[in-house]
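Biologist: I would like to learn how to read a sheet and a pocket from a model. Can we take one residue pair as the starting point and work outwards?

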Amino acid sequence: MKNVYFLSDAHLGSLAIPHGRMQERRLVRFLDSIKEKAAAIYLLGDMFDFWYEYKYVVPKGYSRFLGKLSELTDMGVEVHYFTGNHDIWAYDYLEKECGVILHKQPMTTEIYGKMFFLAHGDGLGDPDKKFKLIRTIFHSSFCQWAFSALHPRWGMWFGLHWAKHSRLKRPSGEEPPYMGESREHLVLFTKGYIQYHPNVDYFIYGHRHIELDLQLTKKVRMIILGDWIAHFTYVVYDGDHLLMSQYVEGESMP
């Protein structure tokens, strides 16, 4: 039985990450190290800091990462790509050219006999009205159509600088630390969700850039994946055990 892997939040191409090319290479080396052991890989959003597919144009760069995704799918590895709040505007390029399976909504799926709820995590349980408004605008088909009328030179410049500003406005460019079960939006969402969906065993999210492994009930376990900017963390499931780990180059990988 081969493993199933989960990771998120690489934010490739970010103007706020000074070591971007090294970061991409590290991600690609990790994917290469697991390709023979993987049955499926779930990328839970924000793998790019800004991704917008014009009808005949896709963003510059990321050739190593996109090539590795294509290699994996050519080998028969299922690669599932969930859009996040930085890569909402993925349409069909990644599916057609790289062979990934694209998901634009949270998904509940069975893996080796256990039920998983998988999502990037943005908007789930978050009461922030400003964030909800921006999210509604970004998801609007009309606004997406209007943005596509911009020349890619200006559209990509705007998107990348917006994303950079969003990160740098926080102290040290980092997400707030874990706020506790009573205040963490994804924890509160999960606690509410399991009241009406008792069949789910594992909840796995990205988005928050923190490492969290929380046993909510005897049955239900919730994980936030960290990121591939500072933590280089991932989750691996072998059908019996669900393990959060960190990629350290040179070490053998589970």
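Modeller: Yes. This is a predicted model. Start with Val4, which stands opposite Tyr237 of strand 10.

Biologist: In which sense do strand 1 and strand 10 pair, and over how many bridges?

Modeller: Two strands count as paired if DSSP finds at least two bridges between them. Here strand 1 (residues 3-7) and strand 10 (residues 233-237) are joined by 3 bridges, in the antiparallel sense.

Biologist: What is the order of the strands in the sheet?

Modeller: The order is 4-3-2-1-10-11: an open sheet of 6 strands with mixed pairing. Strand 4 (101-103) and strand 11 (242-246) are the edge strands, each pairing on one side only. On average, and with direction ignored, neighbouring strands are turned by 20 degrees against each other.

Biologist: Which strands does helix 1 touch?

Modeller: Helix 1 (residues 20-34) packs on the sheet and touches strand 1, strand 2 (38-43) and strand 10. The direction of helix 1 makes about 165 degrees with that of strand 1.

Biologist: Now the pocket. What is the volume of the second largest one?

Modeller: About 360 Å³. The second largest pocket is lined by 18 residues, and the closest to its centre are Leu12, Gly13, Lys60, Gly61 and Tyr62.

Biologist: Which elements give two or more residues to that lining?

Modeller: They are helix 1, helix 2 (63-74) and helix 6 (152-168). Helix 1 gives the most, with 4 residues.

Biologist: How do the lining residues divide by character?

Modeller: The lining of the second largest pocket has 8 nonpolar, 6 polar and 4 charged residues.

Terms used
Residues numbered from 1 in each chain as written. Predicted model: local features only at pLDDT ≥ 70, side-chain atom pairs only at ≥ 80, totals over all residues. Heavy atoms only, no water. Axes fitted to C-alpha atoms, helices over the stretch in contact; angles between N-to-C directions. Contact = heavy atoms within 4.5 Å. 1 Å grid on protein atoms, 1.4 Å probe; cavity = no way out; pocket = protein on both sides within 12 Å on 5 of 7 lines; lining within 4 Å. Points joined across faces, edges and corners; volume = space filled by probe spheres on them. Nonpolar A, V, L, I, M, F, W, Y, C, P; charged D, E, K, R; others polar.
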